[in-house]
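Let us walk through one chain by question and answer. Look it over before reading on.

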Amino acid sequence: MRAIAVQTAGTWSGAATDCVVLDYDDRHRRRMAMTGAKGTSFLLDLPGAAELRGGDALLLEDGRLVEVIAAPEPLLEIRCNDALHLARVAWHLGNRHLPTQLLPGALRIRRDHVIADMARQLGAAVIEISAPFDPEGGAYATTGGHHHHHDAHNGQHEHHGHDHD
């Protein structure tokens, strides 16, 4: 059985046959064997890499739907004194090409002690949490997905292509 298309959150209706709980990395794929929480096994087989988000559904070739659930991950929630302070910290995160989730009054990133220290030095409050991670797609993001991963330990960033097999 293959999953051949993505139905974005809010565009599909009815009951899903099953669900897959995926972290951020596993929600950026083109081709991957998956097994749902109720045991439905299938191959994600899309024409190009997709940015799956919590609430999306995968359309199986027999018409059934499998809901995508964003798994909780270890994150840092960064809170600031005001909007200008938040924008300043967000600029520093963006300058490092870090996937960042924007919330009213807060930013979320993956846990990284180097970046946590930087945010604290900028005067932000940093709280360790566990929550689904749904960062901004970025100015060049498309349905095909293009994102950067920053390795804070060596100061390098890697450009990942559109196909995350």
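Below are short questions on the fold, the surface and one sheet.

This is a predicted model, where local features need pLDDT of at least 70, side-chain atom pairs count only at pLDDT 80 or more, and totals for chains, interfaces and linings use all residues. Residues are numbered from 1 along each chain as its sequence is written, and side-chain values use heavy atoms, with hydrogens and water left out.

Q: How many helices and strands are in the chain?
A: Both are DSSP runs, numbered from the N terminus: helices are H or I with at least four residues, strands are E with at least two. Along the sequence they read β-β-β-β-β-β-β-α-β-β-α-β-β-β. The count is 2 helices and 12 strands.

Q: What percentage of the residues count as buried?
A: Buried means under 20% relative accessible area, with a 1.4 Å probe and protein chains only. The chain has 165 residues. The buried share is 41%.

Q: Which strands are the edge strands of the open sheet?
A: Two strands pair if DSSP finds at least two bridges between them. Here 6 strands form an open sheet with mixed pairing, in the order 2-6-5-1-4-3. Each edge strand pairs on one side only. They are strand 2 (18-22) and strand 3 (28-35).

Q: Which residue in strand 4 stands opposite alanine 3?
A: Strand 1 (residues 2-7) pairs with strand 4 (residues 41-51). The sense is parallel, over 2 bridges. Opposite alanine 3 stands leucine 44.

Conventions. Buried means under 20% relative accessible area, exposed over 50%, partly exposed in between (1.4 Å probe, protein chains only).
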